[in-house]
Amino acid sequence: MLVKRKSSITGKVTEMDLPITQSQLEQYELGNELIQDVFPELTPPQREFIKTGVSESEWNNLFRFK
């Protein structure tokens, strides 16, 4: 499923193709369950994208150690 989110850090809108269903997304958006319980098959960066809109590459660019 193609999920579109706006980054809570940069405001940039991006999309990610995730192996989830519309039903799972709706279940999470109700706010009654933990994200890891609704999407156990996703990686932590994928769950972070759903939650905050921040992609893994965005995190890597923001917190790059020099």
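**Exercises on a four-helix, two-strand model**

Helix H3 is followed by Gly-53, a residue whose phi is positive, near 80°. Helices (H or I, at least four residues) and strands (E, at least two) are DSSP runs, numbered from the N terminus. The model is predicted, so that local features need pLDDT of at least 70 and side-chain atom pairs count only at pLDDT 80 or more, while totals for chains, interfaces and linings use all residues. Residues are numbered from 1 along each chain as its sequence is written, and side-chain values use heavy atoms, with hydrogens and water left out.

**Exercise 1. Describe the overall build of the protein.**

Step 1. Begin with the elements: the protein has four helices and two strands, and along the sequence they follow the pattern β-β-α-α-α-α.

Step 2. Turn next to the dimensions, where the C-alpha atoms fill a box of roughly 40 × 20 × 20 Å, taken along the principal axes.

Step 3. Then consider burial: of the 66 residues in the protein, 32% are buried, a word that stands for under 20% relative accessible area, with exposed meaning over 50% and partly exposed lying in between (1.4 Å probe, protein chains only).

Step 4. Finally look at the surface, since the protein exposes about 4,700 Å², of which carbon and sulfur atoms supply 52%; accessible areas come from the Shrake-Rupley method with a 1.4 Å probe, and for residues only the protein chains shown count as cover.

**Exercise 2. Which residues of helix H3 are buried, and against which elements do they pack?**

Step 1. Within H3, which covers residues 44–52, the buried residues are Arg-47, Phe-49, Ile-50 and Thr-52.

Step 2. These buried residues pack against two strands, E1 (2–6) and E2 (13–17), and against two helices, H1 (22–29) and H2 (35–38).

Step 3. Phe-49 and Ile-50 also belong to the largest nonpolar core, which has twelve residues, including Val-3, Met-16, Leu-25 and Tyr-28. The elements that give two or more residues to this core are H1, H2 and H3. Such a core is a set of buried Ala, Val, Leu, Ile, Met, Phe, Trp, Tyr and Cys residues joined through side-chain atoms within 4.5 Å.

Step 4. For one member of the core, Val-38, the touching residues are Gln-24, Gln-27, Tyr-28 and Glu-33, not counting residues up to four places away in sequence.

**Exercise 3. How many salt bridges does the structure hold, and which parts do they tie together?**

Step 1. The structure holds two salt bridges, each being a side-chain nitrogen of Lys or Arg within 4 Å of a carboxyl oxygen of Asp or Glu.

Step 2. In one of them Glu-15 pairs with Lys-4, and their closest N and O atoms are 3.8 Å apart. Because Glu-15 lies in strand E2 and Lys-4 in strand E1, the pair ties together parts that are eleven residues apart in sequence.

Step 3. Arg-5 forms a salt bridge with Glu-29, with 3.4 Å between the closest N and O atoms. Here Arg-5 lies in strand E1 and Glu-29 in helix H1, so the pair ties together parts that are 24 residues apart in sequence.

Step 4. Compare the accessibility of the partners: Lys-4 counts as exposed because its relative accessibility is 52%, Glu-15 is partly exposed at 47%, Arg-5 is buried at 18%, and Glu-29 is partly exposed at 49%.

Step 5. Lys-4 is in contact (heavy atoms within 4.5 Å) with Val-13, Thr-14 and Glu-15, once its neighbours within four places in sequence are left aside.

**Exercise 4. Is Ser-7 buried or exposed, and what does its side chain reach?**

Step 1. Ser-7 lies in the loop between E1 and E2, and it counts as buried because its relative accessibility is 4%.

Step 2. Its side chain reaches the backbone nitrogen of Thr-10 at 3.1 Å.

Step 3. Leaving aside neighbours within four places in sequence, Ser-7 is in contact with Lys-12, Thr-52, Gly-53, Val-54 and Glu-58, and Gly-53 is the residue that follows H3.

**Exercise 5. Which residues form a nonpolar patch on the surface?**

Step 1. The patch consists of Ile-9, Trp-59, Leu-62 and Phe-63, which together have about 370 Å² of accessible area. Patches are made of residues with over 30% relative accessible area and no salt bridge, with like charges joined within 9 Å and nonpolar side chains (Val, Leu, Ile, Met, Phe, Trp, Tyr) within 5 Å.

Step 2. Phe-63 is found in the segment after helix H4 (56–62), and at 49% relative accessibility Phe-63 counts as partly exposed.

Technical notes
Polar contact = N/O pair within 3.5 Å; in protein donor to acceptor, adjacent residues only side chain to side chain.
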